[in-house]
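User: I am a first-year student, and I would like a close look at one part of this protein: the aromatic rings and the helices around them. Please go through it step by step in one connected answer.

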Amino acid sequence: MHMTKFHVPVLAAAISIALGVAATDARAHGASHKNEVAQSQAKPEPTIEQQKLNNTLTMLIGAGGFTGGNVIVSNGDDGMLIIDDKLPAMTDKLIAALDELGGAESLRFVLNTHWHFDHTGGNATLGEQAVIIAHTNVRKRLSTDQHIKALNMDLPASPPSAWPVITYDDSVSVHFNGEELKLVHMPASHTDTDTVIYFTKSNVLHTGDLFFNGLFPFVDVDNGGNVLTLTKSIVKLMDGYPADVTIVPGHGPLAKMADLKTFHTMLTETTANVIAMKAAGKSLEQIKAAGVPAKWAGWAWGIDAQTWNALIYSSL
């Protein structure tokens, strides 16, 4: 199994920032994030758990620690397709989970929602067997050295087996297991590589990291992301998909449209708060120190109120 080489202290720091995001058990929707972090600290060996969405779709979520982004598995007569593939270190456990769902040997397609290592970590291994599909910019970023400034992380170019072999610029459809999957690019949102994927028959939407359910999102402003554009993209999701859609966020528990609308309210209100402080002449340090409106304080995790305000400020 290929393992991308990260500097250990840097990777540890990045994971400590992200602890508990993907580890949320979707059956414990109301659990506090502090609980998740405590759980992840108590269980150093994270696992992957399953939540059935219907007869063909399963959501794979982390438990006991950070495993990477949420995964959807489609398994049926055409074989197996997955959306995202978690951290590099979780590849063996991901393959074991796929075996439990019918056999990893039947995997035909891997769809990436964006380029970050916690969503593409299994690409190098799985891409030796399956066809990887993603936005054009995912291939550009995975095939060259990258740097995530906010995490002080250098990421060397991935091996060719990790690169998408089918890419698109605006939208594309994949017809698989009896339904159409519609992939749509959302420019300059979480990154410059973002895709949302809608299962038209199942009425299930994977948002990738456009949506962190109940948490301040990480917006990679140094790699094409922008809080203001992200907010506009969330409006497109609210307006463009059915009210009863089931939503798999990039991180956090399974969601409904009401959760996405709450996320949008958080984005607009916290952004307006930063804009007002900046207009009043406050410095970045003063804006960070001021925090967020009290109603959103509980959304803090590794991305605390100070960091979130700084990401908003950098997006203005």
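Analyst: Two residues are in contact when heavy atoms of theirs lie within 4.5 Å. Among contacts in the chain between residues at least 6 apart in sequence, 65% join residues at least 24 apart. The model is a predicted one. Its pLDDT averages 89 over the chain, and 86% of the residues score at least 70. Residues 1–41 have a pLDDT below 50; beyond near neighbours in sequence, this stretch has 84 contacts in the model.

Some general figures come before the close look. The chain has ten helices and 14 strands. It has 316 residues, of which 55% count as buried. About 12500 Å² of the chain is exposed, and carbon and sulfur atoms supply 53% of that area.

Now the rings. A pair of aromatic rings is described by the distance of the centres and the angle of the planes. Seven aromatic pairs turn up when the whole structure is searched. One of them joins Phe212 and Trp301: the ring centres are 6.2 Å apart and the planes meet at 25 degrees, so this pair is stacked. The cut-off behind that word is that planes under 30 degrees apart count as stacked. Phe212 belongs to strand S13 (residues 204–212), while Trp301 is in the loop between helix H9 (284–290) and helix H10 (305–315), so the pair ties together parts that are 89 residues apart in sequence. Both Phe212 and Trp301 are buried.

Another stacked pair is formed by Phe263 and Trp299, with 6.4 Å from centre to centre and 20 degrees between the planes. This pair also links distant parts of the chain, since Phe263 is in helix H8 (residues 257–279) and Trp299 is in the loop between H9 and H10, 36 residues apart. Phe263 has a relative accessibility of 0% and so counts as buried. Trp299 is buried as well, with a relative accessible area of 12%. The cut-off here is that buried means under 20% relative accessible area. Phe263 and Trp299 also belong to a cluster, in which ring pairs link them with Phe211 and Trp296.

A ring can also have a charge over it. The charged end of Lys278 sits over the ring of Tyr313, 5.0 Å from the ring centre. Lys278 and Tyr313 both appear again among the contacts of Ile287, a residue of helix H9. Leaving aside neighbours within four places in sequence, Ile287 is in contact with Val274, Met277, Lys278, Lys282, Asn309 and Tyr313. Ile287 counts as buried because its relative accessibility is 0%. Ile287 and Asn309 are 22 residues apart in sequence, and their C-alpha atoms are 6.8 Å apart in space.

Helix H8 can be followed through two more residues. Ala276 is in H8 and counts as partly exposed, at 46% relative accessibility. Its C-alpha atom is separated by 9.8 Å from that of Ile287, eleven residues away along the chain. His264, also in H8, counts as buried at 17% relative accessibility. Not counting residues up to four places away in sequence, His264 touches Thr231, Ile234, Val235 and Met238.

Next comes helix H10. Its buried residues are Ala305, Trp308, Asn309, Ala310, Leu311, Ile312 and Ser315. They pack against helix H7 (227–240), H8 and H9. Trp308 touches Phe216, Pro217, Val219, Val227, Met266, Leu267, Thr270, Val292 and Ile303, again without residues up to four places away in sequence.

The last step is to place these residues in the interior. In soluble globular proteins, nonpolar side chains tend to be buried together. The largest nonpolar core here has 68 residues, and those that touch the most other members are Leu60, Ile82, Leu98, Phe216, Ile234 and Trp308. H8 gives the largest share of this core, seven residues. Apart from it lies another core, of 19 residues, among them Met59, Ile72, Phe109 and Val248. Two of the names in the largest core have come up before: Trp308 is a buried residue of H10, and Ile234 is touched by His264.

Conventions
Residues numbered from 1 in each chain as written. Predicted model: local features only at pLDDT ≥ 70, side-chain atom pairs only at ≥ 80, totals over all residues. Heavy atoms only, no water. Phe/Tyr/Trp six-rings, centres within 6.5 Å; stacked < 30°, edge-to-face > 60°. Helix = DSSP H or I, 4+ residues; strand = E, 2+ residues; numbered from the N terminus. Buried < 20%, exposed > 50% of the residue type's maximum accessible area, 1.4 Å probe, protein only. Lys NZ or Arg CZ within 6 Å of the ring centre and 35° of its normal. pLDDT = per-residue confidence, 0-100. Areas by Shrake-Rupley, 256 points an atom, 1.4 Å probe, with all protein chains shown as cover. Core = buried A, V, L, I, M, F, W, Y, C linked by side-chain atoms within 4.5 Å.
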